[in-house]
Amino acid sequence: MHKEGRRGVMHAVDAFVCSMKGLRTAWADETAFRLQCALLVPLVPLAFLIARSAVELSLLLGACGLVLMAEMFNSAIERLVDRVGTDIHPLSGQAKDLGSAGVFIAMMLFLVVWLPIGWANLRP
C-alpha cells in the first residue's frame, strides 16, 4: 500500500515495490500467468529473430505484454469479486466473465500480430 503524502522519487519507489509484490503474487498464485510467462521464453527470442524492423519487434513484444497485462487485470477482478462476497450473484459472474473475455481478446490480438508477421518474415 502506498504511504500517504509521499511524492516524487519516493512515490515512484513505493509504486515500484507494489508492482513487484503484484508480480510475485501473480507468479505464486496464478497458473495461467506462469504458463504465459513460460511461453515468453521461446517467443521473446523468436521475436528478435523474425522482426525485420523496430516496429515489428515492438508489435511482437507488445502483443506478449498485452496478454500478461490482461491476465493480471483479470486476476485482480477475480480477487476483488471474491473479496466482496462469496455468494453467487449474476453481476459477480459477469465481472469474472468480462475479465476472462479481456484475456481472450488480448490473445486474439496476439495472433493477429504474430501470424502475419511470422508468415511474411519466415517464408522462403
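In the predicted model, Asp-29, Glu-30 and Arg-79 are linked in a network of salt bridges. Within this network, Arg-79 pairs with Glu-30, and the closest N and O atoms of the two residues are 3.3 Å apart. Because Arg-79 lies in helix α3, whereas Glu-30 lies in the loop between α1 (8–29) and α2, the pair ties together parts of the chain that are 49 residues apart in sequence. The two partners differ in their accessibility class: Glu-30 has a relative accessible area of 15% and is therefore buried, while Arg-79, at 37% relative accessibility, counts as partly exposed.

Glu-30 also takes part in a polar contact, in which its side chain is joined to that of Ser-75 at a distance of 3.4 Å. Ser-75 is placed in helix α3, and its relative accessibility of 7% lies under the 20% limit, so that Ser-75 counts as buried. The loop residue Glu-30 is thus in contact with Ser-75 through a polar pair and with Arg-79 through a salt bridge.

In total, the structure holds four salt bridges. One of them is formed by Lys-96 and Asp-82, whose closest N and O atoms are 2.7 Å apart. This pair links distant parts of the chain, with Lys-96 in helix α4 and Asp-82 in helix α3, 14 residues apart. Lys-96 is partly exposed, with a relative accessible area of 27%, and Asp-82, at 43% relative accessibility, likewise counts as partly exposed. Another salt bridge brings together the side chains of Arg-6 and Asp-14, with a distance of 3.1 Å from N to O. In this pair, Asp-14 is buried, with a relative accessible area of 11%, whereas Arg-6 counts as partly exposed at 25% relative accessibility.

A further charged residue, Glu-71, is placed in helix α3 and presents another arrangement. Its relative accessibility is 7%, and Glu-71 therefore counts as buried; yet Glu-71 has no salt bridge, and the nearest side chain of opposite charge, that of Arg-79, is 9.4 Å away. Since a salt bridge requires the nitrogen and the carboxyl oxygen to be within 4 Å, a separation of 9.4 Å leaves Glu-71 and Arg-79 unpaired. The side chain of Glu-71 does, however, make a polar contact with the side chain of Gln-36, at 3.3 Å. Glu-71 may also be placed relative to Phe-33, from which it is 38 residues apart in sequence but 6.5 Å apart in space, as taken from C-alpha to C-alpha.

Gln-36, the polar partner of Glu-71, belongs in addition to the lining of the largest pocket, where Gln-36, Leu-39, Val-67, Met-107 and Phe-110 lie nearest the centre. This pocket has a volume of about 220 Å³ and is lined by 13 residues. The lining draws on three helices, as α2 (31–50), α3 (54–84) and α4 (90–122) each supply at least two residues, and the largest share, which amounts to six residues, comes from α2. In chemical character, the lining divides into 12 nonpolar residues, one polar residue and no charged residues.

Two other helical positions complete the description. Val-41 is placed in helix α2, and because its relative accessibility is 61%, Val-41 counts as exposed. The C-alpha atom of Val-41 is separated by 18 Å from that of Met-72, a residue 31 positions away along the chain. Gly-93, by contrast, is found in helix α4, and with a relative accessible area of 28% it is partly exposed. Between the C-alpha atoms of Gly-93 and Met-10, which are 83 residues apart along the chain, the separation is 38 Å.

Note on methods:
Residues are numbered from 1 along each chain as its sequence is written. This is a predicted model: local features need pLDDT of at least 70, side-chain atom pairs count only at pLDDT 80 or more; totals for chains, interfaces and linings use all residues. Side-chain values use heavy atoms; hydrogens and water are left out. On a 1 Å grid over the protein atoms alone, a cavity is a set of points where a 1.4 Å probe fits but cannot get out, and a pocket is an open set with protein on both sides within 12 Å along at least five of seven lines; lining residues have an atom within 4 Å of a point. Grid points are joined across faces, edges and corners, and a volume is the space filled by probe spheres set on the points. Helices (H or I, at least four residues) and strands (E, at least two) are DSSP runs, numbered from the N terminus. Ala, Val, Leu, Ile, Met, Phe, Trp, Tyr, Cys and Pro count as nonpolar, Asp, Glu, Lys and Arg as charged, and the others, Gly among them, as polar. Buried means under 20% relative accessible area, exposed over 50%, partly exposed in between (1.4 Å probe, protein chains only). Lys and Arg count as positive and Asp and Glu as negative; His and the chain ends are not counted. A polar contact is a pair of N or O atoms within 3.5 Å; within protein, one must be able to donate a hydrogen and the other to accept it, and residues adjacent in sequence count only if both atoms are side-chain atoms.
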